[in-house]
Each structure stands twice: as C-alpha cells, then as structure tokens.
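Got your viewer ready? Open the model, switch to a cartoon view, and follow along one stop at a time.

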Amino acid sequence: MLYLESTSTDPYYNLALEQVVFDGPGQQETCCMLWQNDNTIVVGKHQNTLQEVNMAYVEEHQIRVARRLSGGGAVYHDLGNVNFTFIAPHEGAGMDFSAFCRPVAAALAGLGVTAEISGRNDMTIDGKKFSGNSQYVKHGRVMHHGTILYDSDLSVVGRALRVPEDKITSKGLQSVRSRVTNVRPYVKEDLPTPEFLARLRQALWEMYPMERLELTEEQKAETERLRATLYSTWDWNFGASPPCQIIKKRRIEGCGQLEVHMDVERGAIRTLHFYGDYFSMEEPEKLAEQLLGCPLEEEALRRRLADTALERCFRGMDVESFCRLLLQ
C-alpha cells in the first residue's frame, strides 16, 4: 500500500490532489491519504450548494465552499477534523463503505474508542455520528474518503450548514442532518489533534505494509492546474448545482415585505419575479429582465446593478440590501 500525507490545508488543492492520485499511475496499488482542510464546507457532487450552505454565515466567517467528485452530503472541515482517503482497485458492482471504515475503527479502538459502522456510510460513537463517508467509482478504481470529527467546533458545524427558512425546490440530493460528536472526549488519553493524526497514521502503518508515495513534478503541476481551473472556481462549486426554484421572503427596513421567486440553473438566474407591499416609482420587471442570466454571486450582481437606481424599483432599497436579499 502507498501512503501520502498532504501538508496543505487548502481544500481546493487537496481535492485536486485526490483526483491526481486517483487518475495517476500505479492503478493496481492501493493508496492511503491523511489530510486536513481549514474552515471549509465540502458538498457532494450532486448537491445544490445554495440548499446546503448558510451563505450569510459562511461569508461572515470566511469559510470556503468546495465541491468534491463523489456523492453524499455536505460536511464541515476545520483543523479539528481529520480526513482519510483510500484509493483502490474496485471489484464488483456495488459500493462497500465498511471495508474502508474498518481500518479507521480499528485504529480508534487502539485509543480506547469504541466506534461503530452504522447506516450506509457513517461511523458513530454512542449513536452519534463522527464520520461521514463517500465514494467515487470510475474505470475499475474506487476513491473512498471520510471525515473524523476529532476536536471540531461543533457550533460552527450547525450554523454553517443551516440555511435560512427559504423555500428551495431542487433535484439535488439534500443532506440528512444527524446528531454529531467529537472523538476527543472518548480517547483514553488527552491528545491534541496533531498527536491524534500521528497516532492514526502510526496505527495504519502497523496494519498495512506501506511505502511513501512521492509525487512526480508532472503530478504536482497537474494538481495545481486542477486546483486553479476546476476545484477553486465558482462554476464548479456553485454553478454545477442542479436546477432549483427559490422563494425568499424578507421584510426590508424602509422598503416593506418583499417576496422573490427565482429559477436558478447552473448557478445563474433564469427567471425572476418580485411580489410584496413595497412602494416603487418604476415597475421592477425591467430590473428582473436585467438580471436574467446573471450568476447568483455578489460581484456579478453588483456589476449588473452598477448603473441601476434600485430606489426607483423598491423604495428604501440599496445595492447592499438587495444583494443580501438574493444571496442570503
């Protein structure tokens, strides 16, 4: 088995690195990776990002949003979380999550933690989830990755993944929220996260004969290319969301009650209508037409609104409030 440990905490780099190893040489070799991301929400490939992420909280706390290649639900990563990946030849037609969770559960047992593999893709302690797992299968290879909430800020997990009570109808797979826990309170020794990662690595090395994987210069360059052209882009992380219908209801100070109905496809506004008890000097239909095709992203909205007098459409409305209405 090959072993690779990423020294980066950049989610876009680490997701690109996974893909490079997955697509790279040594197709019959199994590879194990340990890695961490700092302050990131990672959504599944088939999810609607807007439906999973509390954008107001994410922007305020500078949390990055990244989309992975595999399915499954949204998860929060910080430096109290440790991620593991196994890349291996895939035999058979189904997805076997337990085969890749068992080594991690065994490593935790060595630290005095009784972990159970439950449901279709979770690991739990005392019925509380600490690990979510997902897989991507292609051309006879499987990439399995999972999280280990070791000492994460669970208050951030709840806030970052809780969206406002807007009505969002989407074909995307919505996450199922579970009761979660950190592993650290269950460890027989009080280990900080770096020491836990080292112990986990040691346990895996003792289970399997491993040798370190050294990336070639070409693989390093390809990782950087994928990071820049795919994983860090708005088009991938937001634009790749499935079509959805969004209804937002807000009371805006000085404006009144405003209801926004949008159809969004590939992250861009396809239809837009306004309803409410607001006062206006001009009908907002022209504004709606002006925003059709605009990505649902702040800078793009501000560019479209640069020469627009919003006050004439919605009394008491400014660009800041309008962008917040559409995005948060």
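Start by selecting Pro103, Ala106, Ala107 and Leu108 in helix 4, then add Phe196, Leu200, Ala203, Leu204 and Met207 in helix 6: these two groups meet each other. Contact here means heavy atoms within 4.5 Å. By class, this contact has nine nonpolar, no polar and no charged residues. The classes work like this: Ala, Val, Leu, Ile, Met, Phe, Trp, Tyr, Cys and Pro count as nonpolar, Asp, Glu, Lys and Arg as charged, and the others, Gly among them, as polar.

Before moving on, a quick word about what you're looking at. This is a predicted model, in which local features need pLDDT of at least 70 and side-chain atom pairs count only at pLDDT 80 or more, while totals for chains, interfaces and linings use all residues. Residues are numbered from 1 along each chain as its sequence is written, and side-chain values use heavy atoms, with hydrogens and water left out.

Now show both helices whole. Two packed helices are described by the angle between their axes and the distance between the axes. For helix 4 and helix 6, the axes come within 9 Å and cross at roughly 115°. (Axes are lines fitted to C-alpha atoms, for helices over the stretch in contact, and angles run from 0 to 180 degrees between N-to-C directions.) Their crossing is right-handed; a crossing is left-handed if the near helix is turned anticlockwise from the far one by less than a right angle, and right-handed if clockwise.

What do these helices lie across? Helix 4 (residues 98–109) lies across strand 6 (81–89), strand 7, strand 8, strand 9 (128–138) and strand 10 (141–149), at about 135° to strand 6. Helix 6 (residues 193–207) covers strand 1 (2–5), strand 2 (31–35), strand 6, strand 10 and strand 12, running at about 170° to strand 2. Helices (H or I, at least four residues) and strands (E, at least two) are DSSP runs, numbered from the N terminus.

Next, hide the helices and look at the sheet. Eight strands make an open sheet with mixed pairing, in the order 7-8-9-10-6-2-1-12. Strand 7 (116–118) and strand 12 (211–212) are the edge strands, each pairing on one side only. Two strands pair if DSSP finds at least two bridges between them. Zoom in on strand 7 and strand 8 (residues 122–125): they run antiparallel and are joined by three bridges. Glu116, for instance, has Thr124 in strand 8 as its bridge partner.

Just past strand 8, click on Asp126, in the loop between strand 8 and strand 9. Its phi is near 50°, a positive value in a residue other than glycine. Is Asp126 buried or exposed? Asp126 is exposed, because its relative accessible area is 60%. The cut-offs are under 20% relative accessible area for buried, over 50% for exposed, and partly exposed in between (1.4 Å probe, protein chains only).

Compare Asn39, in the loop between strand 2 and strand 3 (40–43). Asn39 is not glycine either, and has a positive phi near 45°. With 28% relative accessibility, Asn39 counts as partly exposed.

Time for some rings. The structure holds 10 aromatic pairs. Rings of Phe, Tyr and Trp (its six-membered ring) pair if their centres lie within 6.5 Å; planes under 30 degrees apart count as stacked, over 60 as edge-to-face and the rest as tilted. Tyr231 and Trp236 make an edge-to-face pair, 6.0 Å centre to centre with 85° between the planes. Both of these residues are buried. Now select Phe84, Phe86 and Phe100, which form one aromatic cluster.

Jump along to the hairpin of strand 13 and strand 14, with three residues between the strands; there Gly254 takes a positive phi near 85°. Nine bridges join strand 13 (residues 244–252) to strand 14 (residues 256–265), and the two run antiparallel. Ile247 has His261 in strand 14 as its bridge partner.

For the last stop, find Leu287 in helix 9 (residues 285–291). Leu287 counts as buried because its relative accessible area is 2%. Leaving aside neighbours within four places in sequence, Leu287 is in contact with Phe274, Leu305, Thr308, Leu310, Cys313, Phe314 and Phe322. Leu287 and Thr308 are 21 residues apart in sequence, with 8.2 Å from C-alpha to C-alpha.

Finally, zoom out. The chain has 12 helices and 15 strands, and 51% of its 328 residues count as buried.
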